[in-house]
Amino acid sequence: AAAAPQRRPAATGAASAAGAAAAGAEAEALKAKLAAQGEELDELRNTVEGLEHERDYYFRKLREVEILCNQLQTQMEETESLPDVTHKKIITDIQDILYAETDDAEPPAAAAAEAGAEG
């Protein structure tokens with residue numbers, strides 16, 4: 001003889017309303033968490049963009065100093081003396097590179113201030 005399936009008692013209206021309220025509260029909590037994580041993600045992306053910009057800025061500066069050094073080295077190898085090259089001129093040339101402001105490479109401080117104003 002086969003056993004008859006057991007019947008579960010039907011959920012009462014109050015119990016199902018409480019379950020729906022709990023599910024709704026959980027959904028709201030998850031939405032709030034998602035929004036907070038989205039804001040954090042945007043902040044992190046802005047930080048990464050700022051750091052990449054700064055890295056590129058300083059890399060360009062370093063590359064210009066490297067080119068200057070290579071040019072001076074080539075000149076020294078081609079001639080025995082360089083009357084126009086002095087320690088003072090080399091320092092001045094390097095400082096000109098380091099402190100030059102161009103349209104395509106704004107200083108990181110200005111970029112950081114701009115990013116702070118946007119965020």
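A salt bridge here is a side-chain nitrogen of Lys or Arg within 4 Å of a carboxyl oxygen of Asp or Glu. The model shown in every view is predicted.

**View 1. Arginine 55 and aspartate 56 joined by a salt bridge.** The N to O distance between the two side chains is 3.0 Å. Aspartate 56 counts as partly exposed, because its relative accessibility is 31%. By the rule above, the structure has five salt bridges. The next two views show further examples.

**View 2. Lysine 31 and glutamate 28 in a salt bridge.** The side chains meet at 3.9 Å, N to O. Both residues belong to helix α1. They are three residues apart, so about one helical turn separates them. Lysine 31 is exposed, at 55% relative accessibility. Glutamate 28 is partly exposed, at 48%.

**View 3. Aspartate 42 and arginine 45, a salt bridge within helix α1.** The N to O distance is 4.0 Å. The spacing is three residues, about one turn of the helix. Aspartate 42 is partly exposed, with 42% relative accessibility. Arginine 45 is also partly exposed, at 48%.

**View 4. Lysine 61, a buried charge without a salt bridge.** Lysine 61 sits in helix α1. Which side chain of opposite charge is nearest to lysine 61? That side chain is glutamate 64, and it is 5.5 Å away. The salt-bridge cut-off is 4 Å, so a pair at 5.5 Å does not qualify. Setting aside residues up to four places away in sequence, lysine 61 touches Ile97, Leu98, Tyr99 and Ala100.

**View 5. Isoleucine 97 and its contacts.** Neighbours within four places in sequence are again left out. Isoleucine 97 then contacts Lys61, Glu64, Val65 and Leu68. The contact with Lys61 links this view to the previous one.

**View 6. The largest nonpolar core, built from five residues.** Its members are Val65, Leu68, Leu72, Val85 and Ile97. Helix α1, residues 13-78, gives the most to this core: three residues. Nonpolar side chains tend to be buried together in soluble globular proteins. Ile97 also appears in View 5, in contact with Val65 and Leu68.

**View 7. Tyrosine 57 and tyrosine 58, an edge-to-face aromatic pair.** A search of the whole structure finds one aromatic pair. The ring centres of tyrosine 57 and tyrosine 58 are 5.1 Å apart. Their planes meet at 85°. An angle over 60 degrees counts as edge-to-face, so this pair is classed that way. Is tyrosine 57 buried or exposed? Tyrosine 57 is buried, because its relative accessibility is 5%. Tyrosine 58 is partly exposed, with a relative accessible area of 46%.

**View 8. The chain as a whole, for context with the close-ups.** The secondary structure consists of three helices and zero strands. Along the sequence the pattern reads α-α-α. How much of the chain is buried? Of its 119 residues, 9% count as buried. The accessible surface is about 10100 Å². Carbon and sulfur atoms hold 57% of that surface. Among contacts with a separation of 6 or more, 73% join residues 24 or more positions apart.

Methods:
Residues numbered from 1 in each chain as written. Predicted model: local features only at pLDDT ≥ 70, side-chain atom pairs only at ≥ 80, totals over all residues. Heavy atoms only, no water. Phe/Tyr/Trp six-rings, centres within 6.5 Å; stacked < 30°, edge-to-face > 60°. Buried < 20%, exposed > 50% of the residue type's maximum accessible area, 1.4 Å probe, protein only. Helix = DSSP H or I, 4+ residues; strand = E, 2+ residues; numbered from the N terminus. Contact = heavy atoms within 4.5 Å. Areas by Shrake-Rupley, 256 points an atom, 1.4 Å probe, with all protein chains shown as cover. Core = buried A, V, L, I, M, F, W, Y, C linked by side-chain atoms within 4.5 Å. Lys, Arg positive; Asp, Glu negative; His and termini not counted.
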